[in-house]
Amino acid sequence: MTQSRSQSAAQPFTLPHFYLPHPARLNPHLEAARTHSRQWARKMGMLEGSGIWEERDLDAHDYALLCAYTHPDASEEALNLVTDWYVWVFFFDDHFLETFKRTLDREGGKAYLDRLPAFMPMDLSTPVPEPVNQVEAGLADLWARTVPAMSPDWRARFAESTEHLLNESLWELSNININRIPNPVEYIEMRRKVGGAPWSAGLVEYATGAEVPAAVAASRPLRVLKDTFSDGVHLRNDLFSYQRETEDEGELSNGVLVLETFLDCTTQQAADAVNDLITSRLQQFEDTVLTELPALFADTGLDPAGCAAVLAYAKGLQDWQSGGHEWHMRSSRYMNGGGAGAPGAATAAWSPTAFGGPGTGGLAALATGVPGLGTSAADLPSLLATGTRQRLRRRTHVPHRKVGPSRLPPFPMPFTTTLSPHLAAARRNVVTWAHRMGMLRPQPGVPLSDIWDEDALIRFDFALCAAGLQPDATPDQLDLSTQWLTWGTYADDYYPAVFGRTRDVPGAVATTKRLSTLMPLDAATPAPEPANALERALADLWARTSGPLAPDARRSFKQAVDTMTASWLWELDNQVQHRIPDPVDYVEMRRATFGSDLTMSLSRLGHGRRVPPEIYRSGPMRSLENAAADYACLLNDVFSYQKEIEYEGEVHNALLVVQNFFDCDYPAALGIVHDLMTSRMREFQHVAATQLPILYDDFKLAADARATLDGYVRELENWLAGILTWHRECRRYRTQYLRHQPGTPGWLPGPTGLGTASLGVAGLRGGGAVGAGGPGRLENRGRRCKGARTRWWRGRSLRGWRWRRDAGAGARDAGGLVGAGGVPVAGRGRGRRRVVGDARGGQPGAGGAGDRGGRAAAGRRVDRAGAVAGRERGGGRRAGG
């Protein structure tokens, strides 16, 4: 949807051009749903006398309108029930706020939440407690009316998502006074939990009558559909609710504010970036439907009815996106220039995917010249550009660009590395083992499999990595960990070399399935005979690792390996399609491709008997592990940038993903990645210090279990420090050891061939490459960069700017970037009080004359230090709020 550029001056930014897959439609049963929901809310005691809502509150919120837009094809009965669910969840939100948050009664809030799962029995014959408040009464009524039409599998999934939605309120109550703005990755993860869109996705299955088959419900494509749907819904809401949340409510959890703070940019730039992320997530949704669902159907042998159900579910999620957008444009609750009914209000966006499928009303409107809901013919070029700009950028990357040595900033690391005393022996033993497995020679009958030799293995020094990760390991444990790291890296190199260069996707899929069969959960189950070094090494490692494990631990460890090997197929798909990944998808999949869960599992293997498994599945523990994993993955991307981009032609590197998304150059992308690493490290420390003690209390853990988990935190600290030490000291990423792999074209000065005469690498998007020199000068391409950059990468601004190196302006040393004359570029921390203004005058920064830091001009003072994260009353942070 495009928003008129003549916005009210009172609004903090102009709404951007929105990308929507297809037009919004309105359910014809709207009025019936309004009447029914009003009667139901009164019957449940939610209106007069509740102390929470009056009838006028419910009428003003108009959840029936939200549901009529988001479920346009639902029957009257289904729409009534879905609307009742939304009335209930928003009432819960306000009831919890008034009863427990405002009074900071955490103990009472926990007891309140602990009762609610009892009202969602899998078997309806199971008696439920007598409701003691409106929330319990409403949940009991809704559950009994909903689940008879759904399978036990759906009941379990929806009950779990409902519990997560409710329990996150307790997490918010524990953190309400922290006044901490999260980093972007943390925010996306948190928003999925508290925003409610994953819960809404479950109701889409009910409303469309298209339940997702259990055989594919947990697959990556279905998970991506739900996650991209959730991110699109939540980030769109953040754009529309920014003004109310930040100016009236002191809310710190808003995507625009998160990017405004993280990027240190203007509100308009942050809003545009959020909208770009919405577009990227919606296009990831479409790519998943078009490219991953067909492969999933074929791979699982899903029957036609199951395939139709999945596609109907995807269409239902699409309807929700469009309908939710239309509701925001028409609601007086939001910053929308007065709503769709106001004079000069914008109409909805157009998307080429609206033609030729469900929701093709835009085609008829354009044909007749009569624009309707969700159509616009007024600004077609800009609307087309909204949807195509990112698609083209993601698919027009030129591989094997010369980028020069990887730049190494000063990495934040509060933990020290301790090495195992058995390091020397592990170094010798891994070479012997790799020779015995056949990993250091070409595989018979497998072209391009000559990827390692003994010298390469010695340079890679995986024993050093294992010795830092597990300094207290026994000699056998250290050998096992070293050899797992060796196999994982060998396989990670093997897939792109053997399957990627030949585009052999079927061969990669078959190999991945065989690898899983080499890890039988039951020792009595025969495994196939290994056919090559890759299989032989895995079979050896599995036999040595799984034998002592309990069945649950064995199953979890196998899942960690399967997750890693499956992620290599995701990389191969992007390589074949020549597609740079969506930034959120990249960060989340990078944890798997890096093998984070596998290596962390090595530390968890002995803990299962003393720690409840739900502890490891809890939100704080997952946040802790994800923050650690992201730091390590981003660290690896910084070190491997030249190796992957210049020598291997990769598209899977965070620096490239950031360059592509923000349309910026290498130094700017490096600065953003460095800042994200720093934020994730701080989050790791924050979770360990503040959230885990609360988790221990909630689960009433015994002293030995607390000691075990505290020890696991220290192991993760060793994991982080050891990974940094290994990257600094091994020779896998040093320029003098890099070489173009067999089967790759090698680096060329520029594209050659028909039609490339006028194309130069330096002129490509991303600003070209910067050599080992340091600070240069900025070239203004027509857009002013607002917001003074004050970090060590000062001056490397974002969209609309390019970095141009001045010869001899600086140098690089082992500690990272230095300014002219060898003076390190200074950085500083940033508090919540800051001044945002134009970067005027080009004031030199600490790096020298070429480092344009700018001055913070007289501008908006943003002071949120005293703000308290709150909820929207009546709208909350739920999916429609």
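Visitor: Is Tyr112 buried or exposed?
Guide: This is a predicted model, and every value in it is computed from the predicted atoms. The relative accessibility of Tyr112 comes to 7%, and a residue has to fall under 20% to count in the lowest class. Tyr112 therefore counts as buried.

Visitor: How many helices and how many strands does the protein have?
Guide: The chain to be described has 881 residues, of which 59% count as buried. Its secondary structure consists of 31 helices and 10 strands.

Visitor: What share of contacts in the protein between residues at least 6 apart in sequence join residues at least 24 apart?
Guide: One example of a contact across the chain is Thr70 with Asp319, two residues that stand 249 residues apart along the chain. Taken over the protein, with contacts counted between residues at least 6 apart in sequence, the share that joins residues at least 24 apart is 77%.

Visitor: What distance separates the C-alpha atoms of Thr70 and Asp319?
Guide: Thr70 belongs to helix α3, which covers residues 63-70, and at 1% relative accessibility it counts as buried. Leaving aside neighbours within four places in sequence, Thr70 is in contact with Gly316, Asp319, Trp320, Gly323 and Gly324. Although the two positions lie 249 residues apart along the chain, the C-alpha atoms of Thr70 and Asp319 are separated by 5.7 Å.

Visitor: At what distance are the C-alpha atoms of Val185 and Ser679 separated?
Guide: Val185 is found in helix α8, residues 184-195, and is buried with a relative accessible area of 12%. Beyond its neighbours within four places in sequence, Val185 is in contact with Val587, Arg591, Asp630, Leu676 and Arg680. Ser679 is 494 residues away from Val185 along the chain, yet their C-alpha atoms are separated by 9.3 Å.

Visitor: Are the planes of the rings of Phe92 and Phe96 stacked, tilted or edge-to-face?
Guide: A search of the whole structure finds 37 aromatic pairs. In the pair of Phe92 and Phe96 the ring centres lie 5.8 Å apart and the planes meet at 40°, while planes have to be under 30 degrees apart to count as stacked and over 60 to count as edge-to-face. Phe92 and Phe96 both lie in helix α4, residues 76-101, at a spacing of four residues, about one turn of the helix, and both are buried. Since 40° falls between the two limits, the pair is tilted.

Visitor: How far apart in sequence are the parts that Phe100 and Tyr112 tie together?
Guide: The rings of Phe100 and Tyr112 have centres 4.9 Å apart and planes at 55°, so this pair is also tilted. Phe100 lies in helix α4 and Tyr112 in helix α5, residues 106-115, so the parts that the pair ties together are separated in sequence by 12 residues.

Visitor: Which residues have the most contacts inside the largest nonpolar core?
Guide: In soluble globular proteins, nonpolar side chains tend to be buried together. The largest nonpolar core here has 222 residues. Trp484 touches, among others, Leu538, Trp542 and Phe557, with residues up to four places away in sequence not counted. The residues with the most contacts inside the core are Trp85, Tyr86, Trp88, Trp484 and Trp487.

Visitor: Which is the nearest side chain of opposite charge to Arg459, a residue that is buried yet has no salt bridge?
Guide: Arg459 has its place in helix α18, residues 454-460, and touches Cys730, Arg731, Arg732 and Tyr737, not counting residues up to four places away in sequence. A salt bridge needs the charged atoms within 4 Å, whereas the nearest side chain of opposite charge to Arg459 is 5.1 Å away and belongs to Asp453.

Visitor: Which helices hold Arg191 and Asp238?
Guide: Among the 47 salt bridges counted, Arg191 and Asp238 meet at 3.0 Å, N to O, and both residues are buried. The pair ties together parts that are 47 residues apart in sequence, because Arg191 and Asp238 lie respectively in helix α8 and helix α11.

Visitor: Which helices hold Arg38 and Glu55?
Guide: Arg38 forms a salt bridge with Glu55, with the closest N and O atoms 3.7 Å apart. Arg38 counts as partly exposed at 24% relative accessibility, and Glu55 counts as partly exposed at 26%. The two residues are 17 residues apart, and they lie respectively in helix α1 and helix α2.

How values were computed:
Residues numbered from 1 in each chain as written. Predicted model: local features only at pLDDT ≥ 70, side-chain atom pairs only at ≥ 80, totals over all residues. Heavy atoms only, no water. Buried < 20%, exposed > 50% of the residue type's maximum accessible area, 1.4 Å probe, protein only. Lys, Arg positive; Asp, Glu negative; His and termini not counted. Contact = heavy atoms within 4.5 Å. Phe/Tyr/Trp six-rings, centres within 6.5 Å; stacked < 30°, edge-to-face > 60°. Core = buried A, V, L, I, M, F, W, Y, C linked by side-chain atoms within 4.5 Å.
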